[in-house]
Amino acid sequence: MTRGAPRTVVLISGGGTNLQALIDARDRGELPTTLCRVISNRPEAAGLERARKAGVEAAVIAHGDHPDRETYDAALAREIDACEADLVVLAGFMRILSDAFVERYSGRLINVHPSLLPAFRGLHTHRRVLDAGSRAHGCTVHFVTPELDAGPLIVQARITVSRGDTEESLVKRVQEQEHRIYPLAVRWFAEGRLRMADDRAWLDDRPLDSPVVVRPDAALPD
């Protein structure tokens, strides 16, 4: 007996706009995976209501209820494993995960980061881009490894920073691109086309020496 579509768990901490992009792609028939559970570390996260409205099971594992990171991550892993997840998607999950957790889901844990990695790892990327005078900005979907924002790169969307851009305008413009490329990467994984091996991302059985690049004015690749 087959299991059917691959199963995906989404981890959130806030509003869940990338979660909504995944839900919308599912509803359009463009996401061949079952969104089986959304988990938040914050009970007030607005993304939980997005999940419930979309018919996706929502759960809270509050980080304040656990004495340390390792104990929290163990509780989180139990919830994920109860769903028999094939893929774990970080969608604005504002927790640094323990090495043990990352290694447990190695090759099936992905994240979207608001910069053109490897540039501007960490927080406050939009402010740092402006301070550096960079003309290029964007977002990157990558596999998660123990080193922060350093896992194999899968796909990037690139925008040009305009003279009048502010942190607020860059947040909006980059998020628009996140909502395009994150469902794309999840689809590739669900279709069995995307994997991680030998510390590299592979797409269609070819190693990605550099990430797939998506332009704002161009159609998404297949």
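**Entry 1. Strands E5, E6 and E7**

I began with strand E5 (residues 109-113), which pairs with E6 in the antiparallel sense over 4 bridges. The model I am reading is a predicted one. For the register of this pairing I looked up Ile110 and found Phe143 of E6 opposite.

I then turned to the pairing of E6 with strand E7 (residues 153-160), which is antiparallel and runs over 7 bridges. Here I noted Ala136 opposite Thr160 in E7.

Is strand E6 mostly covered or mostly open? I find that 7 of the 8 residues in E6 (residues 136-143) are buried, so I enter the strand as mostly covered, taking buried as under 20% relative accessible area.

**Entry 2. The nonpolar core**

I next looked up the largest nonpolar core and recorded 65 residues. Leu76, Ile80, Ile154 and Val155 have the most contacts inside this core. I asked which element gives the most to the core. The element is helix H6 (residues 167-190), with 9 residues. As background I note that nonpolar side chains tend to be buried together in soluble globular proteins.

I followed Leu76 further, setting aside its neighbours within four places in sequence. Its contacts are Leu11, Ile39, Ile61, Phe93, Leu97 and Phe101.

**Entry 3. Aromatic rings**

I searched the whole structure for aromatic pairs and obtained 1. The pair consists of Phe101 and Tyr105, with 4.9 Å centre to centre and 55° between the planes. I enter the geometry as tilted, because the angle is neither under 30 degrees nor over 60.

Are Phe101 and Tyr105 buried or exposed? Phe101 has a relative accessible area of 2%, and therefore I list Phe101 as buried. Tyr105 is at 0% relative accessibility, so Tyr105 counts as buried. Phe101 also appears in Entry 2, among the contacts of Leu76.

**Entry 4. Arginines over rings**

I looked for charged groups over aromatic rings and noted two arginines. The charged end of Arg95 sits over the ring of Tyr72, at 4.6 Å from the ring centre. Arg195 lies over the face of Trp202, and I record 4.7 Å from the ring centre.

**Entry 5. The sheet E8-E9-E10**

Lastly I looked up an open sheet of 3 strands, in the order E8-E9-E10 and with antiparallel pairing. Which strands are at the edges? They are E8 (194-197) and E10 (206-207), each pairing on one side only.

I also checked strand E9 (residues 200-203) against E10 and found antiparallel pairing over 2 bridges. In this pairing Leu203 stands opposite Arg206 in E10.

Note on methods: Residues numbered from 1 in each chain as written. Predicted model: local features only at pLDDT ≥ 70, side-chain atom pairs only at ≥ 80, totals over all residues. Heavy atoms only, no water. Core = buried A, V, L, I, M, F, W, Y, C linked by side-chain atoms within 4.5 Å. Buried < 20%, exposed > 50% of the residue type's maximum accessible area, 1.4 Å probe, protein only. Contact = heavy atoms within 4.5 Å. Phe/Tyr/Trp six-rings, centres within 6.5 Å; stacked < 30°, edge-to-face > 60°. Lys NZ or Arg CZ within 6 Å of the ring centre and 35° of its normal. Pairing = 2+ DSSP bridges.
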